[in-house]
Amino acid sequence: MIVAGVMSGTAADGIDVALVQVSGRGFRMKFELLAHEHFPYSAMLRRTVLAMTNAEGARVADLARLNVLLGEHYGEAVCESQRRNNLKVELVGCHGQTLFHQGEPAMYLGRKLAATWQTGEGAFVAARTGAPTVSDFRPADMAAGGKGAPLVPFLDYLVYRNPKIGRIVQNIGGIANLSAIPAKASDSQVIAFDTGPGNMVIDAVTERMAGYPIDRDGKLAASGKVLEPVLEELLRMPFFRQQPPKTTGREQFGREFLAHFLWLCKNAKAEDCIATATALTARTIAEAIRDHVLPRGDFHEVILSGGGAKNPTLMRMLKAELPDLCLRHSEEFGLPAAAKEAVGFALLAYQTWHRLPSNMPSATGAQRPAILGKISYP
Ligand SMILES: Nc1ncnc2c1ncn2[C@@H]1O[C@H](COP(=O)(O)OP(=O)(O)O)[C@@H](O)[C@H]1O
Ligand SMILES: [Mg+2]
């Protein structure tokens, strides 16, 4: 079956489409990445998405419209990917754009609950592409008692498990998350959680202090110096002390965090602020690995993916933090850094289409395996 995976992450940089040939089932699944395409959001769409994520005030009418608008964009992105590669997909897995994610249950109107919301209407994706579309993957895991994230460990376990080598698979998207797969691990032995900010804080600080949407190739960070007292203060946040499994998002590392960060930086130079934001990502990834992963087994490799793997300054800082681990890139395993998550959602959709579960309870904390997502028909 040829399946399109469509991912637009919390970095809100745009849409990744992976066209994947899939066969087999569960952890005996085989797949081949046929093509990967990236469609950047326009500056206006990115601003709108960022404004509506975890918004204190957003109009219901606008949220309803954004749901349809994104559905159209996702559908068009799949159609354009098909055209460019002369392929036709039979199924689409579309993650959608996260507006809100609270993995940890909290009291609401007298009841303790967790909640998540991904927008981008599957019915429009199905109509535009002519292919059944699985969307809204996370709620089924939450209904089974899980945190709804991370879901990529299914792919990580499939691709990176190894009889001899313990591997840590680290994705650096808007948020950074890892899957740690001990040598010879069964799927229930995979440790997975969010380590904290990935590119989200770097992007926000770069935008605010230097006026660019991203610190391309880590150039600005490379020319600044890390403000150690600011870093020390930020590392005191309770999230970093929390035991896994744990998830996070713009709720914790969005607008308010940025204001606090910049306040701590006082009148420092833009480059120093950006270097500090970059060091925050490197340090929190390294500490998560040292505190929560290495004590639980022998691990030799860290395999990097996500947009953050393209930031050489971040990679250099990470290597300095983890001198004893071998840092590798997901490219070496045939998965381009930016395509990996999109491939993941193609595989999850394929499982769902066959009425099979794809959450990993050890990663999400769910009480049972769950079939993820909702299917829209063309
Ligand atoms: N060449 C690059 N140099 C520095 N940062 C980059 C580069 N390419 C991508 N990035 C970073 O990666 C981010 C996108 O990462 P991505 O994995 O798509 O995140 P998400 O899955 O949350 O959308 C961008 O916002 C940017 O911060
Ligand atoms: Mg992205």
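# Close-up views of a predicted model

**View 1. Thr98 and its contacts.** Setting aside neighbours within four places in sequence, Thr98 is in contact with Thr53, Trp117 and Gln118; contact means heavy atoms within 4.5 Å. This is a predicted model, in which local features need pLDDT of at least 70 and side-chain atom pairs count only at pLDDT 80 or more, while totals for chains, interfaces and linings use all residues. Residues are numbered from 1 along each chain as its sequence is written, chains are lettered from A and ligands numbered from 1 in the order in which they are written, and side-chain values use heavy atoms, with hydrogens and water left out. Thr98 sits in strand E5, residues 97-108. Helices (H or I, at least four residues) and strands (E, at least two) are DSSP runs, numbered from the N terminus. Is Thr98 buried or exposed? Its relative accessibility is 13%, so Thr98 counts as buried. The cut-offs are under 20% relative accessible area for buried, over 50% for exposed, and partly exposed in between (1.4 Å probe, protein chains only). Gln118 also makes a polar contact with Thr98, side chain to side chain, at 3.1 Å. A polar contact is a pair of N or O atoms within 3.5 Å; within protein, one must be able to donate a hydrogen and the other to accept it, and residues adjacent in sequence count only if both atoms are side-chain atoms.

**View 2. The surroundings of ligand 1.** How many residues surround ligand 1? There are 18, and the closest are Ala11, Gly174, Asp203, Asp217 and Gly307. A residue belongs here if one of its heavy atoms lies within 4 Å of the ligand. By class, this shell has three nonpolar, nine polar and six charged residues. Ala, Val, Leu, Ile, Met, Phe, Trp, Tyr, Cys and Pro count as nonpolar, Asp, Glu, Lys and Arg as charged, and the others, Gly among them, as polar.

**View 3. Oxygen atoms of ligand 1 and the protein.** The side chain of Asp203 places an N or O atom 2.6 Å from an oxygen atom of ligand 1. For the side chain of Asn199, the corresponding distance is 3.3 Å. Gly307 takes part through its backbone: a polar atom there is 2.8 Å from a ligand oxygen. Taken alone, ligand 1 exposes 580 Å², and the protein buries 90% of that. These areas come from the Shrake-Rupley method with a 1.4 Å probe; for residues, only the protein chains shown count as cover.

**View 4. Asp217, a loop residue by the ligand.** Asp217 is among the closest residues to ligand 1. It lies in the loop between helix H6 (200-210) and helix H7 (219-222). Its phi is positive, about 60°, although Asp217 is not a glycine. With 41% relative accessibility, Asp217 counts as partly exposed.

**View 5. The two ends of helix H13.** Helix H13 covers residues 312-321 and holds Glu321. Thr313 has its place in H13 too. Thr313 is buried, with a relative accessible area of 3%. Beyond four places in sequence, Thr313 is in contact with Asp217, Gly218, Lys219, Ala221, Ala222 and Thr278. What does Glu321 touch, not counting residues up to four places away in sequence? The list is Ala282, Arg283, Ala286 and Arg290. The side chains of Glu321 and Arg283 are joined by a polar contact of 2.7 Å. Lys246 is 75 residues from Glu321 along the chain, and their C-alpha atoms are separated by 22 Å.

**View 6. Helix H12 and the loop before it.** Lys266 lies in the loop between helix H11 (255-264) and H12. Lys266 has a positive phi of about 50°, although it is not a glycine. At 56% relative accessibility, Lys266 counts as exposed. Asp291 has its place in helix H12, residues 270-293. Its relative accessible area is 42%, so Asp291 is partly exposed. The C-alpha atoms of Asp291 and Trp353 are separated by 38 Å, with their positions 62 residues apart along the chain.

**View 7. Helix H14 and Arg355.** Why is a span of 20 Å expected for H14? Helix H14 has 14 residues (340-353), and at 1.5 Å a residue they should span 20 Å; the end C-alpha atoms are 20 Å apart, which agrees. The expected span is 1.5 Å times one less than the number of residues. H14 is mostly covered, with 13 of its 14 residues buried. Just after H14, Arg355 takes a positive phi of about 55°.

**View 8. Two cis peptide bonds.** The bond from Ala149 to Pro150 is cis, with omega near -10°. Pro150 is in the loop between helix H4 (138-143) and helix H5 (153-160). Pro244 and Pro245 are also joined by a cis peptide bond, with omega about 0°. Pro245 is in the loop between helix H9 (238-241) and helix H10 (250-253).
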